Amino acid sequence: MKYSAVWRSVGAMSCGSLVTYLTIRLFEGQNSTYSNGAEGDGRRETEPLANGSWMHHWDLHKPQLQKVANGEMSSALRHIILVRHGEYTKTLDGSHLTELGRRQAELTGRRLREMDLTWDHVVASTMPRAEETAMIILKQLNLDPLKMKRCTLLPEGTPYPGDPPPKRSARSLEQAYQRDGPRIEAAFRRYFFRASPEQEHDSYLLIVGHSNVIRYLILRALQLPPAAWTRLNLNHGSITWLTVWPTGYVTLRCLGDSGFMPVSELTNRRPLSTKSSNK
């Protein structure tokens with residue numbers, strides 16, 4: 001298998017992401033739980049994350065992976081690249097990118113183009129700021145806009161009870177989690193799994209979404225305590241790269257890379273002129 005394109009792209013990523021990765025590895029020793037229910041059914045069974053030990057069977061509930069359980073295995077990797085939308089403001093007709101947000105999306109698209117990858121699938125949240133970001137990126141990648149799929153599982157929300165919790169009332173947080181948690185967990189189960197034995201070549205999935213959702217997906221994929229999602233921060237337009245290996249192991253190649261943007265154009269919250277907090 002040829003990995004040259006992968007390593008060439010990894011080398012182009014900001015080395016500052018390694019520091020963030022090493023930091024979240026400290027969460028490993030904590031005792032926490034994560035969801036283990038069927039996809040999309042809202043059921044929230046939990047299993048302990050004991051001492052960071054890896055659960056090898058985490059994705060084998062998928063029908064296409066039953067051959068893996070019987071000993072067959074693909075040699076292909078599944079690369080999942082997650083991009084946060086650009087800066088935005090809220091208007092009467094929804095949340096839309098600012099001029100700076102459009103510029104950030106353009107720079108992100110250029111960065112992804114420089115990585116010289118062959119994109120198998122592009123998925124975006126159905127919220128306007130994510131769709132607008134994805135369309136700008138597609139233009140930079142010279143991809144047909146029809147290639148993008150809109151996913152109703154990916155809109156922003158409260159994925160899990162955070163520790164420390166966001167600055168909201170306990171009742172409000174509980175209601176938000178009950179509303180959003182099962183949906184965002186279903187998004188994880190839809191997009192994160194090892195390659196099936198039938199997959200012959202490495203695949204590349206691009207997901208354009210939101211900070212809370214991406215932070216949760218990162219921790220779930222690495223089997224780290226999902227409650228720690230509030231401890232991570234992602235800039236607008238930042239790139240996160242996760243790889244699922246044929247063995248089921250998952251590695252974080254890059255977390256929240258935005259080093260390709262000028263410092264003056266880095267943001268992670270809505271403009272101060274708006275009153276409510278950013279997600």
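The lining of the second largest pocket in this predicted model comprises, by class, six nonpolar, two polar and five charged residues. The volume of this pocket is about 260 Å³. Of its 13 lining residues, those closest to the centre of the pocket are Arg78, His121, Val123, Tyr191 and Leu205. Several elements each give two or more residues to the lining: strand S6 (121-125), strand S7 (148-151), helix H6 (170-191) and strand S8 (203-209).

Helix H6 leads from the pocket to a second topic, the packing of helices. Two packed helices are described by the angle between their axes and by the distance between those axes. For H6 and helix H7 (residues 211-221), the angle is about 55 degrees and the axes lie 10 Å apart. An angle between 35 and 65 degrees falls outside the ranges for roughly parallel, roughly perpendicular and roughly antiparallel, and H6 and H7 are therefore oblique to each other. The crossing in which H6 passes H7 is right-handed.

Which residues of H6 and H7 meet? From H6 come Ile184, Glu185, Phe188 and Arg189, and from H7 come Val213, Tyr216, Leu217, Arg220 and Ala221. Sorted by class, the residues of this contact between H6 and H7 are six nonpolar, no polar and three charged.

Another pair of helices can be read in the same manner. Helix H4 (residues 99-114) packs with helix H5 (residues 128-140) at an angle of about 40 degrees, and their axes are 8 Å apart. That angle makes H4 oblique to H5. The crossing of H4 and H5 is right-handed.

On the H4 side of this contact stand Arg102, Ala105, Glu106, Thr108, Gly109, Arg110, Leu112 and Arg113, which meet Thr133, Ile136, Ile137 and Gln140 in H5. The contact of H4 with H5 divides into four nonpolar, four polar and four charged residues.

Two details of the backbone remain. Most residues other than glycine have a negative phi, and most peptide bonds are trans. Where does Asp116 lie? Asp116 is placed in the loop between H4 and S6. Its phi is near 55 degrees, a positive value in a residue other than glycine.

The other detail concerns a peptide bond in the loop between S7 and H6, where Pro164 is found. Asp163 and Pro164 are joined by a cis peptide bond, with omega at about 5 degrees. The two elements that flank this loop, S7 and H6, are also among those that give two or more residues to the lining of the second largest pocket.

Notes
Residues numbered from 1 in each chain as written. Predicted model: local features only at pLDDT ≥ 70, side-chain atom pairs only at ≥ 80, totals over all residues. Heavy atoms only, no water. Axes fitted to C-alpha atoms, helices over the stretch in contact; angles between N-to-C directions. Helix = DSSP H or I, 4+ residues; strand = E, 2+ residues; numbered from the N terminus. Parallel < 35°, antiparallel > 145°, perpendicular 65-115°, else oblique. Left-handed = near helix turned anticlockwise from the far one by under 90°. Contact = heavy atoms within 4.5 Å. Nonpolar A, V, L, I, M, F, W, Y, C, P; charged D, E, K, R; others polar. 1 Å grid on protein atoms, 1.4 Å probe; cavity = no way out; pocket = protein on both sides within 12 Å on 5 of 7 lines; lining within 4 Å. Points joined across faces, edges and corners; volume = space filled by probe spheres on them.
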